[in-house]
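Work through the exercises below with the sequence and the model at hand. Each task is followed by a solution in steps.

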Amino acid sequence: MLLQLLSGLFLLVLKIVAFPFKLIIKGIMAIIRWVSGLLKALWQVWLALGPRWLRYSFLSIAIVLAGYFSLKAFLKPNLTLETVNQVHYLNKGWSDEQRERYYYTPQGTELLGLEYDWFVNLELPLSKDLLTSPDNMRGWGFIVSPGQQATTLNPGNLPVGLGRHIDPKSGKERLDLSCAMCHTGELHYKGNALRVDGGQAVQSISNAKRGEFITTLAASVVATYINPVKWNRFADRVVGQDPELRKQLRKQIWGFLGNIKQFVTGAGASKYYPTEEGRGRTDAVGRIANVVFGYDLDEPSNYRVANAPVSYPFLWDIWRFDWVQYTGFTNQAMARNVGESLGVLAPIKLVNDEGELLTTEEFGESVIDLAGMHCIEGTLRSLEPPSWPEDILGNIDLDKATHGKELFLDQCQFCHGPHKVEPYQWKVASKAGQNPDNQIDVNWQWDMDGDVTFIGQQAVREDWRKVIWAMPWVKTSVIGTDPTAADNYMDHRYDGSKIIPGSEPVNAGDGLQILLNRLVPKLYQDNGISKELVADYDGLNVPFRIANMRAYKPRPLHGVWATPPFLHNGSVPTLYDLLSPLRERPKQFYVGDREYNPQRLGFVTDKRPGSFKHDTNIKGNSNHGHLFTDVDMPGRIGRLLSVEERAAILEYLKVMGNPDFTQRLGGDPLDWSAYTQAPTFASEQQACLDSFSAAKNNPVKVH
């Protein structure tokens with residue numbers, strides 16, 4: 001009886017299990033029959049299209065069209081959609097001439113040898129539209145004024161920061177990426193473009209994702225080279241009908257494509273930049289180190305992962321700082337600018353074809369434009385912070401701003417200053433073997449080429465500034481913000497033994513010091529800069545020094561409202577978010593659209609065409625630290641601020657230091673009109689005149 005019961009239960013279980021299995025099998029067979037019938041029907045349609053040759057013609061056309069539209073979608077530019085009708089300039093202190101000088105004075109950088117007239121005449125890959133049309137360039141985040149017209153300094157009618165220089169060997173004009181390309185900002189509000197000279201750019205030039213500027217540029221060059229129709233249009237515009245010139249042009253374009261391949265498989269390889277930089281950011285120190293120590297020195301083993309993108313810092317008042325860069329690792333204008341130009345691919349001859357360091361006069365052969373840099377450095381000193389435009393962004397609540405001033409002085413000034421000190425007497429080496437500041441390397445001849453005096457036996461350079469703003473360093477363990485940039489700077493090591501045989505591996509700052517101590521004096525010599533001008537060109541008689549700190553520097557905040565997003569890595573979208581506790585900060589937001597939010601002081605952050613997604617969970621993107629909270633946690637720098645207190649501080653930051661509001665605020669100790677005025681030098685004016693003269697005498701062929 002028990003056996004029969006168990007047998008019955010077993011058969012019942014089998015039936016229960018088998019029932020859905022039978023249904024599945026039956027369903028699969030039905031699908032197979034349906035697909036088979038569909039294929040038979042399609043085959044009959046295919047046969048009914050006509051004779052074999054006609055059918056295969058239809059198929060070929062369909063494949064070509066599908067491939068074309070798929071490729072067109074793949075190569076579609078990733079553009080932000082913006083409409084602005086009028087430009088308002090927020091910074092005082094510059095004339096129109098000075099502004100254009102800043103925008104287009106070359107510094108001697110190149111984009112792998114790209115010629116200026118090629119650039120302005122390239123078309124999009126699958127279109128007749130010019131790559132550099134205002135809509136395209138503005139969509140990639142570059143700055144183009146509504147109705148902008150070509151000028152003497154900008155004959156190609158290009159965006160801010162895209163200038164030109166002459167290659168001395170070929171006589172050709174090359175595209176020049178000037179400092180204004182990264183250090184000019186713009187805020188948009190209800191059709192108004194608010195220009196922030198010296199501010200933070202939002203362009204995507206270092207972003208190699210599909211549809212971004214640099215990838216579309218490469219695709220345009222490839223399409224021009226392989227498409228005969230496109231090639232003919234391009235060659236007609238650039239060199240005309242001369243067969244020999246067209247042949248040379250084709251060879252030169254092929255060489256340029258080779259330059260792209262060499263770079264993207266080396267210093268520019270995507271594997272070295274795993275944290276997407278997006279728009280308005282780049283891992284400046286990491287890219288400079290990869291280019292200089294890997295690409296320029298022909299030492300591929302020096303390539304390092306650069307996963308610490310930073311926002312482009314704003315430039316007004318930096319001439320007052322004793323130390324610059326986010327980690328405050330260097331102090332001298334010329335060394336900083338030459339290092340930056342190398343990172344932006346200024347061509348430089350450091351090694352021979354065998355990769356050995358040059359010891360001949362060829363060492364340092366370059367088109368780095370020291371006069372252009374000197375001109376811009378002097379021009380920037382007269383730039384004032386941006387002023388809040390009440391007629392566009394709204395009136396200031398004076399009571400709230402006055403309360404905010406008191407809160408700022410109590411909660412923020414301790415770090416952000418400015419901390420004013422007397423001029424420094426920089427100790428310099430007066431003979432071989434001396435190293436008074438304990439640097440990894442000193443060029444004593446360069447030290448002594450400045451304006452030197454002696455205090456007892458010690459040679460010094462007396463800083464020419466009447467008052468200096470001292471930059472404090474705050475350790476990453478204290479400030480709590482993403483430490484990747486500071487850690488990479490301190491921990492990454494590069495082999496510099498080609499420059500100093502037998503030397504130990506060095507970090508980026510020390511490596512640049514070893515190189516620039518040899519390179520800058522050679523550039524001075526090659527450019528005919530006399531010893532009498534060295535102190536001027538160095539930047540206010542400051543010798544080149546490096547400081548190594550696992551820390552970030554808090555800078556003065558005049559005009560900070562106009563420089564979103566915030567923190568060194570752009571991980572906090574608005575100033576309101578920055579004053580809020582960590583739990584209220586957005587963990588993900590979008591960057592790329594320049595529409596401004598005048599209530600929270602930052603860009604809009606919703607997903608829009610062309611936007612880059614900033615994910616704060618990714619290494620290098622963290623939004624921790626710099627916290628106002630009552631929770632005892634890493635990165636706490638002040639007490640929790642109420643919503644009303646945050647709003648009051650924001651109201652003050654809109655006008656902090658603006659002399660137009662000092663009286664209305666009942667006084668303002670940060671009034672920028674009370675600060676020392678910038679010094680001017682005849683050498684800077686001459687450098688600007690020389691640069692303008694060179695541009696004026698070199699016309700460009702533009703379609």
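Two strands pair if DSSP finds at least two bridges between them. Helices (H or I, at least four residues) and strands (E, at least two) are DSSP runs, numbered from the N terminus.

The model is predicted: local features need pLDDT of at least 70, side-chain atom pairs count only at pLDDT 80 or more, and totals for chains, interfaces and linings use all residues. Residues are numbered from 1 along each chain as its sequence is written, and side-chain values use heavy atoms, with hydrogens and water left out.

**Exercise 1. Describe the pairing of strand β17 and the facing of its side chains.**

Solution.
Step 1. Strand β17 covers residues 588–591. Its partner is strand β20 (residues 612–615); 4 bridges join the two, and they run antiparallel.
Step 2. Within this pairing, Tyr 590 has Lys 613 of β20 as its bridge partner.
Step 3. Sort the side chains by burial, where buried means under 20% relative accessible area, exposed over 50%, and partly exposed in between (1.4 Å probe, protein chains only). Phe 589 and Val 591 point to one face and are buried. Gln 588 and Tyr 590 point to the other face and are not buried.

**Exercise 2. State the strand order of the open sheet that contains β1, and find what packs on the sheet.**

Solution.
Step 1. The sheet has 3 strands in the order β1-β5-β4, with mixed pairing.
Step 2. The edges are β1 (86–89) and β4 (184–189); each has a single partner strand, so one side of each is left without a neighbour in the sheet.
Step 3. From one strand to the next the twist averages 30°.
Step 4. Strands β1 and β5 (residues 192–197) run parallel and are joined by 4 bridges. Val 87 stands opposite Ala 193 in β5.
Step 5. Helix α3 (residues 96–104) packs on the sheet and touches β1, β4 and β5. The direction of α3 makes about 75° with that of β5; axes are lines fitted to C-alpha atoms, for helices over the stretch in contact, and angles run from 0 to 180 degrees between N-to-C directions.

**Exercise 3. Place Ser 145 in the fold and list its contacts.**

Solution.
Step 1. Ser 145 lies in the loop between α5 (134–139) and β2 (162–166).
Step 2. Its relative accessibility is 16%, so Ser 145 counts as buried.
Step 3. Take contact as heavy atoms within 4.5 Å. Neighbours within four places in sequence aside, Ser 145 is in contact with Val 87, Tyr 89, Arg 138 and Arg 195.
Step 4. From Ser 145 to Gly 394 the separation is 249 residues in sequence and 23 Å in space, C-alpha to C-alpha.

**Exercise 4. Describe how helices α6 and α8 pack.**

Solution.
Step 1. Two packed helices are described by the angle between their axes and the distance between the axes.
Step 2. The axes of α6 (residues 213–226) and α8 come within 11 Å and cross at roughly 145°.
Step 3. The crossing of α6 and α8 is left-handed, that is, the near helix is turned anticlockwise from the far one by less than a right angle (clockwise would be right-handed).
Step 4. On the α6 side, the meeting residues are Ala 218, Val 221, Val 222 and Tyr 225. On the α8 side they are Arg 250, Ile 253, Trp 254, Phe 256, Leu 257 and Ile 260.

**Exercise 5. How many aromatic pairs does the structure hold, and how are two of them arranged?**

Solution.
Step 1. Rings of Phe, Tyr and Trp (its six-membered ring) pair if their centres lie within 6.5 Å; planes under 30 degrees apart count as stacked, over 60 as edge-to-face and the rest as tilted.
Step 2. The structure holds 26 aromatic pairs. One of them is Phe 263 with Tyr 295, edge-to-face at 5.3 Å centre to centre with 85° between the planes.
Step 3. Phe 263 lies in helix α8 (residues 243–264) and Tyr 295 in helix α9 (residues 284–296), so the pair ties together parts that are 32 residues apart in sequence. Phe 263 is buried, with a relative accessible area of 13%, whereas Tyr 295 is partly exposed at 23%.
Step 4. Trp 388 and Trp 561 also form an edge-to-face pair, 4.9 Å centre to centre with 65° between the planes. Trp 388 is in the loop between α11 (370–381) and α12 (390–393), and Trp 561 in the loop between β16 (551–552) and α20 (575–579), 173 residues apart.
Step 5. Trp 388 is buried at 5% relative accessibility, and Trp 561 is buried at 0%.
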